[in-house]
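Please open the model in the viewer and keep the sequence panel at hand. The stops below each begin with a selection and then state what is found there.

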Amino acid sequence: MGNSQITLSSEIISKLIEEALFMRTRSYIPYSGFAVGAALLTESGRIYGGCNIENAAYPVTICAERTAMVKAVSEGEREFRAIAVAGGREEDPEVYSYPCGTCRQFMREFCDGDTFIVIVARSKEDYKIFTLEELLPNSFGPESLA
Ligand code: THU
């Protein structure tokens, strides 16, 4: 907390965390037992949920954050405000589960580093909040190829 650029209301933060915790129950995790849920907020106010979906060919697994992003983008969404992430072993959300490097880069394609907000939550009362730039500084994005 404490980042002056973060302007989401506590009601929205709470709603996103609630949805991420729910999406976590949808995880398909026969191999790791590590359940992750995500809730992605669009600029227009819609929320897209995602969970991690594992595969017997391990690297084929998709993370919760990318599931949510892919759902939203494939529905025509292009502008995003924030994502909440909640994860841990089975039903025990005792850790802060941060987006992996691949998911950070995936978000970067569509999200502005300085204004897109990432909420890493253990519960509705216990969370950390970052800009994407804080999690992926000096990043390579679409404008790098312009
Ligand atoms: N996982 C996510 O869903 N998001 C991340 O950002 C990190 C990792 C999942 C993938 C895999 O199913 C499990 O957590 C253990 O790596």
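Select Asn138, which is placed in the segment after helix H4 (132-135). In this predicted model, Asn138 has a positive phi of about 50°, although the residue is not a glycine. Is Asn138 buried or exposed? Its relative accessible area is 74%, and since exposed means over 50%, Asn138 counts as exposed.

Next, select Glu77 in the loop between H2 and strand E3 (80-89). Glu77 has a relative accessibility of 10%; the cut-off for buried is under 20%, so Glu77 belongs to that class. Add Arg46 to the selection and display both side chains: the side chain of Glu77 makes a polar contact with that of Arg46, at 3.1 Å.

Proceed to the ligand and display the residues around it. Which residues make up this shell? They are Ser32, Phe34, Val36, Asn52, Glu54, Thr61, Cys63, Ala64, Glu65, Tyr98, Pro99 and Cys100. Colouring the shell by class gives seven nonpolar, three polar and two charged residues. Colouring by secondary structure instead shows that E1 and helix H2 (64-74) each supply at least two residues of the shell.

With the ligand still selected, inspect the distances from its oxygen atoms to the protein:

- Asn52: an N or O atom of the side chain is 2.9 Å from an oxygen atom of the ligand.
- Ala64: a polar backbone atom is 3.0 Å from an oxygen atom of the ligand.
- Cys100: a polar backbone atom is 2.8 Å from an oxygen atom of the ligand.

A surface representation completes this stop. On its own, the ligand has 370 Å² of accessible area, of which the protein covers 78%.

Finally, select Tyr31, in the loop between helix H1 (10-24) and strand E1 (34-42). Strand E1 was already encountered at the ligand, where E1 supplies at least two residues of the shell. How is Tyr31 classed by accessibility? Its relative accessibility is 40%, and because this value lies between the cut-offs of 20% and 50%, Tyr31 counts as partly exposed. Extend the selection to Tyr28, Ile53 and Tyr58: together with Tyr31, these residues form a nonpolar patch on the surface. The combined accessible area of the patch is about 440 Å². Membership of a patch requires over 30% relative accessible area, a cut-off that Tyr31 passes with its 40%.

Key. Residues numbered from 1 in each chain as written. Predicted model: local features only at pLDDT ≥ 70, side-chain atom pairs only at ≥ 80, totals over all residues. Heavy atoms only, no water. Patch = residues over 30% accessible without salt bridge, like charges linked within 9 Å, V, L, I, M, F, W, Y side chains within 5 Å. Areas by Shrake-Rupley, 256 points an atom, 1.4 Å probe, with all protein chains shown as cover. Salt bridge = Lys/Arg side-chain N within 4 Å of Asp/Glu carboxyl O. Helix = DSSP H or I, 4+ residues; strand = E, 2+ residues; numbered from the N terminus. Buried < 20%, exposed > 50% of the residue type's maximum accessible area, 1.4 Å probe, protein only. Near = heavy atom within 4 Å. Polar contact = N/O pair within 3.5 Å; in protein donor to acceptor, adjacent residues only side chain to side chain. Nonpolar A, V, L, I, M, F, W, Y, C, P; charged D, E, K, R; others polar.
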